[in-house]
Amino acid sequence: MTFIRRQKRSVATFLGLALLSLAPMSHAADDQQTRETVERVARLFSSTSSIATVKMQIINEDGQRDISMKIWSLGEKILVRITNPQDEAGTAILKEGSDIWYYLPKSNRTVKIPPSMAMNSWMGSDFTIDDLVKETFLTRDYSISTFFQGKRGGIEVDEYALTPKPQAAVVWGKIILQIRKADAVPTWQGFYDENGQLVRELTFSDYKVMSGRLIPTRLVMRTAEKAGAQTTIEYEDVAFDVPISEGTFSLPSPK
Amino acid sequence: MRGRLLQLAWRNLWRNPRRTFITMAAIAFGYVMLLFVACLMAGLRWQMIQNGTCLVMSQIQVHAPGYYPSRSIQKTLGGRQGTDIGAVLAAVTADRRVYAATPRVYGYGLLSAAHRSAGVELMGIVPDQEPKVTILNSQIAKGSYLTARMPKGVVIGDKLASTIGIGVGSEIVLLTQAADGSMGNDVYTVVGSFHSGLDAVDRGLVLMSLSSLQDLLHLAPTRIHEVGIKLNDIMAATTVAAALGLQLSKTLPVRVMAWPELAPELANYVQFNHGITFVLFFIFFLLAVIGVMNTMLMAVFERTRELGMLMALGMRPVQVIVLILTEAAGLAVASLVVGGALGVPILWYLQEHGLDLGGATGGVISLAGVVVGHLWYGRQDFPAYGQAALGLAATALVSALYPAWRAAHFRPTEAIRKV
């Protein structure tokens, strides 16, 4: 039973994960059809384990930065290891349960990140540390309703509005999830505050079959109040449900 | 005629010395009280501003436009290229009203030691220049202040030290987001801790050398966020800031701010203090009015017969009014001289020794986010002393007006008949 539950909760991979981990845990409150669609999208990135090679490009007022990293996930553990640029290579982030650790090769130290810092921008990008490693259970924390059905930019899409359930501890006032009708892949996701203002938006594109699934391999995040800035994530390679040893998820112990 | 009036007024004052002395005592006492209040309030104001600006902030700060208050680490003086720091400091100190100026760099980061960590504000300073502007170097609780010999040394607040569980000699890691977006991090050694008495500072401030913080933040050595300035006269801050702003912006885009703008709560407090002083002054004036009016009224009614006689002898009502007002003015001047003379030792004592408010507890009092010692020192506020003197003199004259007016309307025949 435990095993099954664990498999069902299945941590999503990295960002895809953090942003789209609609772990199928919802109860019958929402419309069955709607929920199933959203859950299908959620399963795109769900797996018991995964290994991904990702490129992140950060563009902001200070210029452009490219970061390459490799991400491992197993159960509730996530490890991110930076491989490029050279002076930051080796930097690692480990998420274990609700704890987040950084390994800093320059200082040769492992540092625990306090929860208060989790909402800070990660390396100057439009993502927060929280985005990177926090699991959100959209179908558990949000009520889902159909928001729009029809054509957007000449493509048939369905849009779902996700509003937080009263007791859910979530930061957004509303999330709109846009899904392409033809193949049920996500195309756009908007994050709104309590006043209904768009705070940031995530655009999905470059759908490719990886490890047997059709997934968007390019994610672009834009923050409304930072005009001209954006962060792009490109999945160069993803392998789902691959064997990974528990030992992978360790950092040098803190001194 | 005028000379005669003066002579008459003078003689009248000494005709009943006891009455005159009582009135004088009322005014003189009032004046001493006003001097006392003005001196203490000015002292409190000065101490608040002094302590509020000299702990960490400084009295005037020079930033790049747009740096304050968001404090984005990119917005260094002179932009991305930075600036000739020596030239900026020289331009600032060329103003004779400036006592000293020092460069600074700021950042935010995570301080991590063994198993605990905390978010902190990082302040990069030049160890042998900063103490000319601020006094944190005199608040060292354990260990020592920064020295040029230990570039990787940091000095932290004592409460931060105990929260994290570290002390002098401990190694810590500072993790921050550097100017280029990368994760700046390095290992440092705690060389000392300070106790300022101000919670936010003691809990959240990490001092390190300017060049170390520039390294950590990936800032070139020419890039600084701030020049902190100490003045010879704190009260001139706004004027000097404006002058420096004009002077510096000839070569460098800057925004120069004085402490009232940097610490509005402190400026508000100063306003509040002025308000309290005004209210206290008003109360003492009121007391003086009642005292003077009472004695003047008594004096005039006691002298009904005498004044009636003068009028019967041909003195006109206007002259009676002038006579009584002259008496009041003379009385006021004499009283203020006496009061002032009595006040001098009191004012001197307040300035030199202060009032001890809770020496028994030995504690530190924090007011409006500023630490004030338990000794309340006075400070000479000559404009206020002058205003108090003028106010009291005016009070004496105004309160003599009514009795004078009454006296001017005596009918000589009736007045003479009064015993």
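**Chain B: its interface with chain A, a cavity and a pocket**

In this predicted model, 19 residues of chain B are in contact with 21 residues of chain A.

Me: What makes a residue of chain B count as "in contact" with chain A?
Reply: Contact means heavy atoms within 4.5 Å. On that rule, chain B contributes 19 residues and chain A contributes 21.

Me: Which elements of chain B touch chain A, and how many polar contacts cross the interface?
Reply: There are nine residue pairs in polar contact across the interface of chain B and chain A, both residues being at pLDDT 80 or more. On the side of chain B, the elements that give two or more residues are β2 (98–113), β6 (171–177) and β7 (183–194). By class, that side has seven nonpolar, eight polar and four charged residues.

Me: Why is the pair D186(B) and K106(A) called a salt bridge?
Reply: The closest N and O atoms of D186(B) and K106(A) are 3.4 Å apart. The cut-off is 4 Å between a side-chain nitrogen of Lys or Arg and a carboxyl oxygen of Asp or Glu, so the pair qualifies. The rule finds two salt bridges across this interface.

Me: What area is buried between chain B and chain A, and which residues of chain B lose the most?
Reply: The buried area is about 1800 Å², and carbon and sulfur atoms give 54% of that. In chain B, L110(B), M183(B) and N185(B) lose the most area to chain A, together 29% of what that side buries. The size of an interface is often given as the accessible area lost when the parts come together.

Me: Why is the space of about 110 Å³ called a cavity?
Reply: A cavity is a set of points where a 1.4 Å probe fits but cannot get out, so the name says that this space is closed to the probe. The search of the whole structure finds one cavity of 30 Å³ or more. The largest cavity has 14 lining residues, among them L13(B), R19(B) and M296(B). Elements of chain B that give two or more residues to the lining are α1 (2–15), α2 (17–54), α9 (264–302) and α11 (317–352).

Me: What makes the space of about 780 Å³ a pocket?
Reply: A pocket is an open set of points, so this space is not shut off like a cavity. This one is the second largest pocket, and 35 residues line it, with G52(B), V56(B), M57(B), L198(B) and V201(B) nearest its centre. By class, the lining has 21 nonpolar, eleven polar and three charged residues.

Methods. Residues are numbered from 1 along each chain as its sequence is written. Chains are lettered from A and ligands numbered from 1 in the order in which they are written. This is a predicted model: local features need pLDDT of at least 70, side-chain atom pairs count only at pLDDT 80 or more; totals for chains, interfaces and linings use all residues. Side-chain values use heavy atoms; hydrogens and water are left out. On a 1 Å grid over the protein atoms alone, a cavity is a set of points where a 1.4 Å probe fits but cannot get out, and a pocket is an open set with protein on both sides within 12 Å along at least five of seven lines; lining residues have an atom within 4 Å of a point. Grid points are joined across faces, edges and corners, and a volume is the space filled by probe spheres set on the points. Helices (H or I, at least four residues) and strands (E, at least two) are DSSP runs, numbered from the N terminus. Buried area is the accessible area (1.4 Å probe) that two parts lose on being put together, summed over both. A polar contact is a pair of N or O atoms within 3.5 Å; within protein, one must be able to donate a hydrogen and the other to accept it, and residues adjacent in sequence count only if both atoms are side-chain atoms. Ala, Val, Leu, Ile, Met, Phe, Trp, Tyr, Cys and Pro count as nonpolar, Asp, Glu, Lys and Arg as charged, and the others, Gly among them, as polar.
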